[in-house]
Amino acid sequence: MAKKKDETTNVMRIAAAAGAVFRDYAYDNTKLNAEEVAAALRQPVGRVFKTLVTVAKSGKYYVFMLPAASELDLKKAAKAAGEKSVEMLPQKKLFPLTGYVHGGCSPIGMKRQFATFIDASAADCETIFFSAGKVGRQIEMSLSDLQKIIAVQLAELTR
């Protein structure tokens, strides 16, 4: 009989090691759009967060987490980061920089930890959902548990 493949992601291992309380979920991995993921999880789009990586004129990289249906306001993002401007990281640079593919990018467990900001609306949620580091996997945890793992700052980020 074949041994069952371990479904634990690196994000889950890091969260467990930090003592964070979390639940993990699997969903149809053909759904890459954050709104589709929210629907697959039967969760309001305001609780399912996408993780975006940007690069500033200074050359520094920043990570922004925002609700699935929201759009990142680049001016607000730059202001939160203390930069003149930021722009989205080209998709082809995502994996070499973070170790994650599009649709599976998590703020936890990147190759290097970058300054991370989360939309202020997260403070209104008991728990939030975000990528568990693999397409088709999400993790649910409280903002306070996320902050046990990475330094994440609240900011107004959406249009």
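Which element gives the largest share of the lining of the largest pocket?

## The largest pocket

Strand 2 does, with 5 residues. This answer, like the rest of the report, comes from a predicted model. The largest pocket has a volume of about 410 Å³. It is lined by 23 residues. Those closest to its centre are Lys-50, Thr-51, Leu-52, His-102 and Gly-103.

Three elements give two or more residues to the lining: helix 2 (34–41), strand 2 (49–56) and helix 4. Rolling a probe the size of a water molecule over the atoms shows where empty space is left.

## The open sheet

Strand 2 also belongs to a sheet. Here 5 strands form an open sheet, in the order 4-2-3-5-8. The pairing is mixed. Strand 4 (86–88) and strand 8 (152–155) are the edge strands, and each pairs on one side only. From one strand to the next, the twist averages 35 degrees.

At the strand 8 edge, the partner is strand 5 (residues 115–119). These two run parallel and are joined by 4 bridges. Within this pairing, Phe-117 has Gln-153 of strand 8 as its bridge partner.

## Strand 7 and its partners

Strand 7 covers residues 137–141. It pairs with strand 1 (residues 22–26) in the antiparallel sense, over 5 bridges. It also pairs with strand 6 (residues 128–131), again antiparallel, over 4 bridges. Gln-138 appears in both pairings. It is the bridge partner of Tyr-25, and Ser-131 stands opposite it as well. Further along strand 7, Met-141 has Ile-128 opposite.

Strand 6 and strand 7 form a hairpin with 5 residues between the strands. In this hairpin, Gly-133 takes a positive phi near 95 degrees.

## Burial of strand 7

In a regular strand the side chains alternate between the two faces of the sheet. How are the faces of strand 7 covered? Arg-137, Ile-139 and Met-141 lie on one side, and Gln-138 and Glu-140 on the other. Every one of these residues is buried, so that both faces are covered. The count for the strand is 5 of 5 residues buried.

## Thr-98 in helix 4

Helix 4 spans residues 91–98, and Thr-98 lies in it. Is Thr-98 buried or exposed? Thr-98 counts as buried because its relative accessibility is 1%, and the cut-off for buried is under 20%.

The Thr-98 side chain makes two polar contacts with backbone atoms. One reaches the backbone oxygen of Leu-94 at 2.7 Å. The other reaches the backbone nitrogen of Tyr-100 at 3.0 Å. Leaving aside residues up to four places away in sequence, Thr-98 touches Val-53, Gly-109, Met-110 and Lys-111.

How values were computed: Residues are numbered from 1 along each chain as its sequence is written. This is a predicted model: local features need pLDDT of at least 70, side-chain atom pairs count only at pLDDT 80 or more; totals for chains, interfaces and linings use all residues. Side-chain values use heavy atoms; hydrogens and water are left out. Buried means under 20% relative accessible area, exposed over 50%, partly exposed in between (1.4 Å probe, protein chains only). Two strands pair if DSSP finds at least two bridges between them. A polar contact is a pair of N or O atoms within 3.5 Å; within protein, one must be able to donate a hydrogen and the other to accept it, and residues adjacent in sequence count only if both atoms are side-chain atoms. Contact means heavy atoms within 4.5 Å. Axes are lines fitted to C-alpha atoms, for helices over the stretch in contact, and angles run from 0 to 180 degrees between N-to-C directions. On a 1 Å grid over the protein atoms alone, a cavity is a set of points where a 1.4 Å probe fits but cannot get out, and a pocket is an open set with protein on both sides within 12 Å along at least five of seven lines; lining residues have an atom within 4 Å of a point. Grid points are joined across faces, edges and corners, and a volume is the space filled by probe spheres set on the points.
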